[in-house]
Amino acid sequence: MRTPVIAGNWKMNMHKRQALELVQGLHYGLTWPGEVDVIVAPPFTALDTVVEFCAKSYISVAGQNMHWEESGAFTGEISPSFLKDAGADYILIGHSERRKYFGETNEIVNKKIKAAFQHNLIPIVCFGETLEERERGDFVRVIEQQILQGLTGLTHEEGSELIIAYEPVWAIGTGKTATPTQAEEAHAFIRAHLFQLFSPDVADAVRILYGGSVKPKNSRELLSQKNIDGALVGGAALKAEDFIGIIKSANA
Ligand code: PGA
């Protein structure tokens, strides 16, 4: 049995005070999430505030991005050990917004995943195709490359600790969700590749989250699919009530 994961990607939102109010809202609004791993990814500036509060909560904390190097002349970057030092346990890697606006390639994603494991951060690695790629029938090639290039050179142990998020880019922030059947197909496809790349055990262990306009009203059906083990949530993670609704549906 894979424990579901509900992760909130706050993106470039939430000043410190708002961040604190949001985690307080989650913690006091839902005193125990049940058998669900709950993660929030605040902006760097709110990490301390969120980590301090979450130390007494079931909520774990993720960074939204990091460099793969340990330290040095990389103005504006944050290293994995800084994130660990700030109290994060997870790191989002390869989000489509990083790929689109900041030139993050599969090779960079791979370096970041390896750096994360070296620092005991669990990577939440994002894969997904654009609308254009889906429409020209490139889904298989794009996702295969993201998996093969992104996950190359990992040990089986690392493979089984990974969390993957399948996020069709056309469904992010658009209100268009993949249908549960479309999402399930993509998740099964990713799991089949984990089977080939690693082993049956790894394929069985990895949690594959769905992301892209997940809301309390559609989460239950998505999460009831066999290969969907949770959600990576953007917009609906910014309101405690909505995020709690999604967590509850993972536990149903
Ligand atoms: P969304 O974002 O839920 O607002 O579509 C998801 C994401 O980008 O992770």
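Visitor: In this model, in which strand is the place of Asn 9, and is Asn 9 buried or exposed?
Guide: In this predicted model, the place of Asn 9 is in strand 1, which covers residues 5-9. Buried means under 20% relative accessible area. The relative accessibility of Asn 9 is 5%, so Asn 9 counts as buried.

Visitor: Which residues does Asn 9 touch, not counting residues up to four places away in sequence?
Guide: The list takes in residues from several parts of the chain, among them Gln 64, Leu 92 and His 95. Leu 92 also has a bridge partner in strand 5, namely Ile 124. Given in full, the residues that Asn 9 touches are Ala 41, Gln 64, Leu 92, His 95, Leu 232, Val 233, Gly 234 and Ala 237.

Visitor: How many Å from a polar atom of the side chain of Asn 9 does the backbone nitrogen of Lys 11 lie?
Guide: Lys 11 has its place in the loop between strand 1 and helix 1 (16-29), while Asn 9 is placed in strand 1. A polar contact requires a pair of N or O atoms within 3.5 Å. The backbone nitrogen of Lys 11 and the polar side-chain atom of Asn 9 are separated by 3.0 Å.

Visitor: What is the phi of Lys 11 near, and what does Lys 11 count as at 22% relative accessibility?
Guide: Most residues other than glycine have a negative phi. For Lys 11, however, phi is positive, near 55 degrees. Because its relative accessibility is 22%, Lys 11 counts as partly exposed.

Visitor: Where does Ser 213 lie, and is Ser 213 buried or exposed?
Guide: Ser 213 lies in the loop between strand 7 (207-211) and helix 11, and its phi, near 55 degrees, is a positive value in a residue other than glycine. Its relative accessibility is 9%, so Ser 213 counts as buried.

Visitor: Which residues are the closest to the ligand?
Guide: The ligand is surrounded by 13 residues, and by class this shell has 4 nonpolar, 7 polar and 2 charged residues. Those that come closest to the ligand are Lys 11, His 95, Glu 167, Gly 173 and Ser 213.

Visitor: How many Å from an oxygen atom of the ligand does a backbone N or O atom of Gly 234 lie?
Guide: Polar backbone atoms of other residues also approach oxygen atoms of the ligand, with Gly 173 at 2.6 Å and Ser 213 at 2.7 Å. For the backbone N or O atom of Gly 234, the separation from an oxygen atom of the ligand is 2.8 Å.

Visitor: What percentage of the accessible area of the ligand does the protein cover?
Guide: On its own, the ligand has 280 Å² of accessible area. Of this area, the part covered by the protein is 96%.

Visitor: Which backbone oxygen does the side chain of Asn 218 reach?
Guide: Asn 218 is found in helix 11 (residues 216-223), and because its relative accessibility is 17%, Asn 218 counts as buried. Leaving aside neighbours within four places in sequence, Asn 218 is in contact with Thr 177 and Ser 213. At 3.0 Å, its side chain reaches the backbone oxygen of Ser 213.

Visitor: Why is strand 2 largely enclosed by the rest of the structure, and which residue of strand 2 is the bridge partner of Ile 6?
Guide: Strand 2 (residues 37-41) is largely enclosed because 4 of its 5 residues are buried. Strand 1 and strand 2 run parallel and are joined by 5 bridges. The bridge partner of Ile 6 in strand 2 is Val 38.

Visitor: How many residues of strand 5 are buried, and which residue in strand 6 stands opposite Val 125?
Guide: Of the 6 residues of strand 5 (residues 122-127), 5 are buried, so this strand is largely enclosed by the rest of the structure. Strand 5 pairs in the parallel sense with strand 4 (residues 90-93) over 4 bridges, and 4 bridges also join strand 5 to strand 6 (residues 163-166), these two running parallel. Opposite Val 125, in strand 6, stands Ile 164.

Visitor: Which residues does Phe 195 touch, not counting residues up to four places away in sequence?
Guide: Phe 195 has its place in helix 9 (residues 180-197), and because its relative accessibility is 47%, Phe 195 counts as partly exposed. With residues up to four places away in sequence not counted, Phe 195 touches Pro 200 and Ala 203.

Terms used: Residues numbered from 1 in each chain as written. Predicted model: local features only at pLDDT ≥ 70, side-chain atom pairs only at ≥ 80, totals over all residues. Heavy atoms only, no water. Buried < 20%, exposed > 50% of the residue type's maximum accessible area, 1.4 Å probe, protein only. Contact = heavy atoms within 4.5 Å. Polar contact = N/O pair within 3.5 Å; in protein donor to acceptor, adjacent residues only side chain to side chain. Near = heavy atom within 4 Å. Areas by Shrake-Rupley, 256 points an atom, 1.4 Å probe, with all protein chains shown as cover. Nonpolar A, V, L, I, M, F, W, Y, C, P; charged D, E, K, R; others polar. Pairing = 2+ DSSP bridges.
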